[in-house]
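Please open the model in the viewer and keep the sequence panel visible. The tour proceeds by selection, with a short account of what is found at each stop.

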There are 2 protein chains.
Amino acid sequence: MRGTLNKELVIRLLKYRRILTQLKSLGFEKVFSNNLGDAIGVAPALVRKDFSLLVLGGNKRGGYNIDYLSEQLGLILGKTNEQKIIILGMGKIGTAIAQYKGFLQGDFEVAAGFDVRPVGLPESLSLKVYPIEELAAFCNANSIQVAILAVPEEVATESHKLLKDSGIRGILNFTPVELKTTPNCIIHNINIGVEIENLFFQVIRNGLSGA
Amino acid sequence: MRGTLNKELVIRLLKYRRILTQLKSLGFEKVFSNNLGDAIGVAPALVRKDFSLLVLGGNKRGGYNIDYLSEQLGLILGKTNEQKIIILGMGKIGTAIAQYKGFLQGDFEVAAGFDVRPVGLPESLSLKVYPIEELAAFCNANSIQVAILAVPEEVATESHKLLKDSGIRGILNFTPVELKTTPNCIIHNINIGVEIENLFFQVIRNGLSGA
């Protein structure tokens, strides 16, 4: 099954899993495809299609069993529980992400932050922040494979190299520099400026036909 | 041409435009497809394909003329120059985004921030922050159509409604709540937690075959 999972499907499965964890914590035992569809923003038919493709059985009348669904999703997605990430670049974006409450729902935690100058950080920050020279040793000692990159644009390329040399195999890149996935290191670029410009483009185009 | 622009192509065109603006500011007059490909992380062949689809002529020997490229991209993408956005939710993420240096390259500016409690903001913040009650009037008076949503998860849904009621037609959503695009309001969801989990999934899967 694994070989046929495309990116969009994986993202949906990860979102289903998050919702199921939240529902379980509320004491729910069953869930319907339309509730899951509403929660992750897709049609209920797509939820049912996803689950039938993955051979996750459900009873249309009674809904899906949450425990069973979670277990099956866990088998497909692998256990990310207690996985650790680090943040390189503890400026404003890095510090904000370190304190991002949305992470509390996730199956991972931020183990440490790194910066050339780990000073002037907010007192409310509970994360340990180390000088950049300690990055490689820390990543090796703690088997860190995934990092968030939030350094200034000018040092994005050298920071990328440093992360790869420290054994990092997946990077969520918040710098405006477009980094490239290589066989040993997967990059997801989040370019907030381009996202905004794309919204403008779509809003203007939408305005031509709609409203 | 406009009707056939898919999302990935629009994103690439926006990225080309950013790079061209930077190259122009460096005094460049010509650029090659391999430089543009390197800069935005795609193969040079795709750059040439994009430009030939859009009938943007280039000379393989001498490279593309930057002024001509910029002008043609402007005709396709529309002018976003001097467009304004607002940020709803001036907590850590909202404040960090307001100060994000990557925006300086963009053809837009952050006009104001809004929060239920616009206090305790960093002194370095040059952005004006207003109470949320003033949102609708401000958006109307300044023809704001695009917003960044960075409120706590618990108020994401009501804030979404407030933005729509204030005339906002495009939202970049940083809350973990999945909001849905409607005919009058386009949503781009950026769920940082799901992005990280997706990276873990891919790194683990990658590890099975590689390295």
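Begin in chain B by selecting B:Ile148 together with B:Leu172, its bridge partner in S7(B). The model is a predicted one. The neighbouring residue B:Ala147 is also worth displaying, since B:Ile171 in S7(B) is the residue opposite.

**The strands around S6(B)**

Extend the selection to the whole of strand S6 (residues 146-149) and strand S7 (residues 170-173) of chain B: the two run parallel and are joined by four bridges. Next add S3(B), which pairs with S6(B) in the parallel sense, again over four bridges. On this side, select B:Leu88, which stands opposite B:Leu149 in S6(B).

Which residues of S6(B) point to one side, and which to the other? B:Val146 and B:Ile148 lie on one side, B:Ala147 and B:Leu149 on the other, and all are buried, so that both faces of the strand are covered. The general rule is that side chains in a regular strand alternate between the two faces of the sheet.

**The sheet and a helix upon it**

Now display the full sheet of chain B. Six strands make up this open sheet, in the order S5-S4-S3-S6-S7-S8, with parallel pairing. At its edges are strand S5 (129-131) and strand S8 (186-189) of chain B, each of which pairs on one side only. From one strand to the next the twist averages 25°.

Select helix H7 (residues 156-165) of chain B, which packs on the sheet. This helix touches strand S3 (83-88), S6, S7 and S8 of chain B, and its direction makes about 170° with that of S6(B).

**The loop before S6, in both chains**

Move to B:Ser143, in the loop between helix H6 (135-141) and S6 of chain B. Its phi is near 50°, a positive value in a residue other than glycine. Is B:Ser143 buried or exposed? B:Ser143 counts as exposed because its relative accessible area is 59%, and the cut-off for exposed is over 50%.

Then select A:Ser143, located in the loop between helix H6 (135-141) and strand S6 (146-149) of chain A. A:Ser143 is not a glycine, yet has a positive phi of about 50°. With a relative accessibility of 58%, A:Ser143 is classed as exposed.

**A phenylalanine in chain A**

Remain in chain A and select A:Phe174, in the loop between strand S7 (170-173) and strand S8 (186-189). A:Phe174 counts as buried because its relative accessibility is 4%, where buried means under 20%.

What does A:Phe174 touch, leaving aside residues up to four places away in sequence? Within chain A, the residues touched are A:Ile93, A:Ile97, A:Ile148, A:Leu149 and A:Ile190; from chain B, they are B:Tyr100 and B:Ile192. Add A:Gly94 to the selection: A:Phe174 and A:Gly94 are 80 residues apart in sequence, with 8.9 Å from C-alpha to C-alpha.

**Chain A as a whole**

Finally, zoom out to all of chain A, whose secondary structure comprises eight helices and eight strands. Its C-alpha atoms fill a box of roughly 60 × 50 × 40 Å along the principal axes. Of the 211 residues in chain A, 51% are buried. Among contacts between residues at least 6 apart in sequence, 58% join residues at least 24 apart.

With the surface displayed, chain A exposes about 10,200 Å², of which carbon and sulfur atoms supply 52%. If charged residues are then coloured, chain A has 23 positive and 20 negative charges, whose mean positions are 9 Å apart.

Definitions and conventions. Residues numbered from 1 in each chain as written. Chains lettered and ligands numbered in written order. Predicted model: local features only at pLDDT ≥ 70, side-chain atom pairs only at ≥ 80, totals over all residues. Heavy atoms only, no water. Buried < 20%, exposed > 50% of the residue type's maximum accessible area, 1.4 Å probe, protein only. Contact = heavy atoms within 4.5 Å. Areas by Shrake-Rupley, 256 points an atom, 1.4 Å probe, with all protein chains shown as cover. Lys, Arg positive; Asp, Glu negative; His and termini not counted. Charge placed at Lys NZ, Arg CZ, Asp CG, Glu CD. Pairing = 2+ DSSP bridges. Axes fitted to C-alpha atoms, helices over the stretch in contact; angles between N-to-C directions.
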